[in-house]
Amino acid sequence: MSEALRLEFNVAGNNFISAGSASDEVKKTLKMLGIGAQFIRKVAIAMYEGEINMVIHAGGGRAIVDIFPEKIKIVLQDEGPGIPDIELAMKEGYSTATDNIRDLGFGAGMGLPNMKKYTDEFLIESEVGVGTTVTMVVNFI
Amino acid sequence: MGKNIHTVTLDSENCRGCIACMKRCPTEAIRVRNGKAKVLYDRCIGCGECVRICPHQAKLPAYDPFNVIFDYKYKIAVPAPSLFGQFNNLEDVDLVLNGLLEIGFDDVYEVALGAELISAKTRELMALGALKKPIISSACPAVVELIHMRYKGLADHVVDLVAPVEVALRLARERAIKAGIPAEDIGVFFISPCPAKVYALKNSMTTDGPIADGVLAISEVYFKLLPVLPKIKEVKKISQTGMLGIRWAASGGECLGIDNDKYLAADGMENVINVLQEMENGSLSYIDFVELTACTSGCVGGVLNVENPFAARARLRSFRHKLEPMRNALKCDDYEEKFFHWDHAPEVKDIDKLGEDFASALKKMREIEELYSTLPHIDCGQCGAPSCRAFAEDVVNGDTKLEMCTRIQAMDELFASLPQTNCGKCGQRTCRQFARNVVFGDTVAEKCPYSKKNQK
């Protein structure tokens, strides 16, 4: 039995009712594993943002989460439109969300910057027309 | 903190072992064992949901009988503002306060007065920028317990101010002592809308002794007051509070006292849990102050009240034009800073953690997952656990046996009647798989030509 746990989720696109259920599940799992509250908080914020991003921009995607005793690795993959200018997308306040989505309280342009802020490693790879993959690591020490 | 007094106890004679309370408990703190409900007190936050839902009145909320007041020579009533919401056509809160003097009390000190002082202190701390936003109110003891038990990452958002009732109880005693009443003669009694506050106060001590000498139920005091109120001829002016203190009784009332529009008020356990989940995800960062109350409509929804919470809330609202908004009869500066603060955070067990270290927790989690995957996932509660997942956890922890699952039992029985040759004529790979699919309704027992049951 290995000392790691893998969780995989399909995140449904444009479904605001189930949005956040993957991050809730990860949060619950980390609590059961006895991970410190301060780390769970960082994971919750980063993963929730990422999950919501996939729901809003990419028509859903997949989340693959590996939990180790000392860290968590979260990979969010989508086959959405891709991000033409990652540097611009990483700027606080920049958002391509429609008014419709802003009315729901999302799309403030803090998603990607927050994900970077709350994680110890953050990598975003994107190709227009192919999709986006975000890899995040939060250390538990 | 000696937690020897619990919020709810079971009347085992009345308990029929139905699953109503178990299904409703927000922290899955109830199991049915040997035909009776059993509260796992480690997990209980004292919200009172089980008392509210029990159809057989088998869940008894904790409070002291009214007659305890007669053990003291000088009896002070400290009524929660919810009390005022219980009476129809009440024109003046002073009528109720006068009524308390009629039924045996020597003095009255309003909790609402403490509430105004706590509101003032909250405003002061917020203006100083001393609190972590979003600030979570500490007024509802069930919510505070829940946060320390399951949402530890938010614990530093809970403002460490004592509840208004604690302020009121201490000041009530202080006033009597200043008036020259011997300390041993004084009995201070909170008139409470809910058992969670009873529990919080019973387990809360000052260096000189208990904060309250007794905690009474609004429902009991209400029936003492009913006959005396119409007979009161002359209503003495007693009340010192304005609407803001009294509005604390209903959800959102505390928020109105903070002088800031960026607030959120949620009431009812399910809504409270949703808000806490969102706060964990960082999605409520634009909110400054969060008021969470376990009961629907706030404290007027507590199980020790008489009146429907919505009606009680409407009645409180009807006072609004008759009372001043706030009187602030007390000034924060008159008290030392430590008077307002907890001396320590609640000590609560971490109920989610499965093991002492990562490896043992992970091992247990895998065992639970594996077992869970074989269960029917219908959360029927027949096994005595609130959900199949909780049942899997209980089995792995050795608290119950797998045979308690009625579906597993039926499967075993059917399997025993099968030839166990895995011949495949039923269309299933194994007899075990066939038994499982029959019990779960995916195939029918008649498909097995050799079953002893079919040959009868």
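## Worked exercises on a two-chain model

Two bridges tie β7(B) to strand β13 (residues 289-293) of chain B, and these strands run parallel. The model is a predicted one, so please keep that in mind as you work through the exercises.

**Exercise 1. Find the sheet around β7(B) and name its edge strands.**

Solution. Start from the pairing of β7(B) with β13(B), where B:Ile135 has B:Phe289 as its bridge partner. Next, extend the sheet: it is open, with three strands in the order β7-β13-β12 (chain B) and parallel pairing. The edges are then β7 and β12 (263-267) of chain B, each of which pairs on one side only. To finish the picture, add helix α11 (residues 269-280) of chain B, which lies across β12 and β13 of chain B and runs at about 140° to β12(B).

**Exercise 2. Which peptide bond is cis, and where does B:Pro134 lie?**

Solution. Look at omega between B:Lys133 and B:Pro134: the value is about -10°, and the bond is cis. Now place the proline: B:Pro134 belongs to the loop between α4 (111-127) and β7 (135-136) of chain B. As background, most peptide bonds are trans.

**Exercise 3. Examine phi at B:Asn34 and at B:His377, then decide whether each residue is buried, partly exposed or exposed.**

Solution. Begin with the general expectation: most residues other than glycine have a negative phi. B:Asn34 has a positive phi near 50° and sits in the loop between β2 (30-33) and β3 (36-39) of chain B. Count its surroundings: there are 8 C-beta neighbours inside 10 Å, and 12 or fewer means exposed, so B:Asn34 is exposed.

B:His377, also not a glycine, has a positive phi of about 60°, and its place is the loop between α13 and α14 of chain B. Here the count is 13 C-beta neighbours inside 10 Å, which makes B:His377 partly exposed.

**Exercise 4. How many residues are buried in α14(B), and what do they pack against?**

Solution. Helix α14 (residues 388-396) of chain B has nine residues, and eight of them are buried. Among them are B:Cys388, B:Phe391, B:Glu393 and B:Asp394. The buried residues pack against α13 (358-374) of chain B. After the helix comes B:Gly398, with a positive phi near 80°.

For a second case, take helix α5 (residues 141-150) of chain B, where nine of 10 residues are buried, including B:Pro141, B:Glu145 and B:Arg150.

**Exercise 5. Describe how α1(A) and α2(A) pack.**

Solution. Two packed helices are described by the angle between their axes and the distance between the axes. For helix α1 (residues 21-32) and helix α2 (residues 37-57) of chain A, the angle is about 165° and the axes are 9 Å apart. Angles over 145 degrees count as roughly antiparallel, so α1(A) and α2(A) are roughly antiparallel. Their crossing is right-handed.

Then list who meets whom: residues of α1(A) including A:Val26 and A:Leu30 meet residues of α2(A) including A:Ile40 and A:Met47. By class, this contact of α1(A) with α2(A) has eight nonpolar, one polar and three charged residues.

**Exercise 6. How many residues does each chain bring to the contact between chains A and B, and which element of chain A gives the most?**

Solution. Chain A brings 19 residues and chain B brings 17. On the side of chain A that touches chain B, α1 and α2 of chain A each supply at least two residues. The most come from α2(A), with seven. Sorted by class, that side of chain A has 10 nonpolar, four polar and five charged residues.

Technical notes:
Residues are numbered from 1 along each chain as its sequence is written. Chains are lettered from A and ligands numbered from 1 in the order in which they are written. This is a predicted model: local features need pLDDT of at least 70, side-chain atom pairs count only at pLDDT 80 or more; totals for chains, interfaces and linings use all residues. A residue is buried if 20 or more other C-beta atoms lie within 10 Å of its own, exposed if 12 or fewer, and partly exposed in between; C-beta atoms are placed from the backbone. Helices (H or I, at least four residues) and strands (E, at least two) are DSSP runs, numbered from the N terminus. Two residues are in contact if their C-beta atoms, placed from the backbone, lie within 7 Å. Axes are lines fitted to C-alpha atoms, for helices over the stretch in contact, and angles run from 0 to 180 degrees between N-to-C directions. Angles under 35 degrees count as roughly parallel, over 145 as roughly antiparallel, 65 to 115 as roughly perpendicular and the rest as oblique. A crossing is left-handed if the near helix is turned anticlockwise from the far one by less than a right angle, and right-handed if clockwise. Ala, Val, Leu, Ile, Met, Phe, Trp, Tyr, Cys and Pro count as nonpolar, Asp, Glu, Lys and Arg as charged, and the others, Gly among them, as polar. Two strands pair if DSSP finds at least two bridges between them.
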